[in-house]
Amino acid sequence: VCKSVQYCGTDCQVEHWKAGGHKKICRSIAAQNSVAIELERPTGKNWTANFNLTSKKGKKKNSPPRLDTDGFRKPSKVAVNEKFDVKVQGNGPTCPLCLYDKSRDCDFMLSPGKRGFKELYRAVQAEPTWQGRKTFVTASFDEQGDCTVYP
């Protein structure tokens, strides 16, 4: 996540992550090196696309359509101003980005042209692990319900 360390290979990276202590400091380094971006709130005038979700029993189902504001909220188990991880997925510069946390309490789309889209899309493209289609960033929600991301 912090992208501040380079390794000679996978074995060294895994060893440094587990035994070398990098896991404990990685997110704090990333937060220090990133710029905070307050995202624009969705308007409540647009409907989100359906996602194919897999249930605990392994069956695929579509989520019902909903307004773009419905998932723009902090996760229920996260405190106000507490930072949490968000997955960002995108398919191209003209497609909305999908942002969601592991609980899916926070689950919303960010359209091209909205504040933060360019920076988040660049972060997605720069992630080699998933061929430039997704990445993880840190986010938080303040008392007013505004979301800030740290790409």
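A charge is said to sit over a ring if NZ of Lys or CZ of Arg is within 6 Å of the ring centre and within 35 degrees of the ring normal. In this predicted model, Arg104 fits that description: Arg104 lies over the face of Tyr100, at 3.8 Å from the ring centre. Lys83 does something similar with Tyr150, its charged end sitting over the ring, 4.2 Å from the centre.

Now for the sheet. Strands of a sheet pair through backbone hydrogen bonds, either parallel or antiparallel. Here the pairing is antiparallel, and six strands make up an open sheet that runs in the order β1-β8-β7-β4-β5-β6. The two edges go to β1 (37–38) and β6 (107–110); each has a single partner strand, so one side of each is left without a neighbour in the sheet. Further in, β4 (residues 84–89) and β7 (residues 134–141) are held in antiparallel pairing over six bridges. To pick out one contact, Val88 has Thr135 in β7 as its bridge partner.

Next come the aromatic rings. A pair of aromatic rings is described by the distance of the centres and the angle of the planes. The count for this model comes to four aromatic pairs. Take Phe72 and Phe141: their ring centres are 5.4 Å apart and their planes stand at 75°, so this pair is edge-to-face. Phe72 belongs to the loop between β3 (60–62) and β4, while Phe141 is in strand β7, so the pair ties together parts that are 69 residues apart in sequence. Both partners are tucked away from the surface: Phe72 is buried at a relative accessible area of 9%, and Phe141 is buried at 2%. The ring pairs also link these two with Phe84 and Phe108 into a cluster.

Phe117 and Tyr121 give another arrangement. Their ring centres are 5.9 Å apart and their planes are at 5°, so the pair is stacked. Both residues lie in helix α3 (residues 117–126), four residues apart, which is about one turn of the helix. Phe117 and Tyr121 are both buried.

That leaves the cysteines. How many disulfides does the model have? The count is zero. A disulfide needs two cysteine sulfur atoms within 2.5 Å. For Cys147, the closest cysteine sulfur is that of Cys106, and at 5.8 Å it is too far for a bond. Cys147 is buried, with a relative accessible area of 1%, whereas Cys95 is partly exposed at 30%.

Technical notes. Residues are numbered from 1 along each chain as its sequence is written. This is a predicted model: local features need pLDDT of at least 70, side-chain atom pairs count only at pLDDT 80 or more; totals for chains, interfaces and linings use all residues. Side-chain values use heavy atoms; hydrogens and water are left out. Two strands pair if DSSP finds at least two bridges between them. Rings of Phe, Tyr and Trp (its six-membered ring) pair if their centres lie within 6.5 Å; planes under 30 degrees apart count as stacked, over 60 as edge-to-face and the rest as tilted. Buried means under 20% relative accessible area, exposed over 50%, partly exposed in between (1.4 Å probe, protein chains only).
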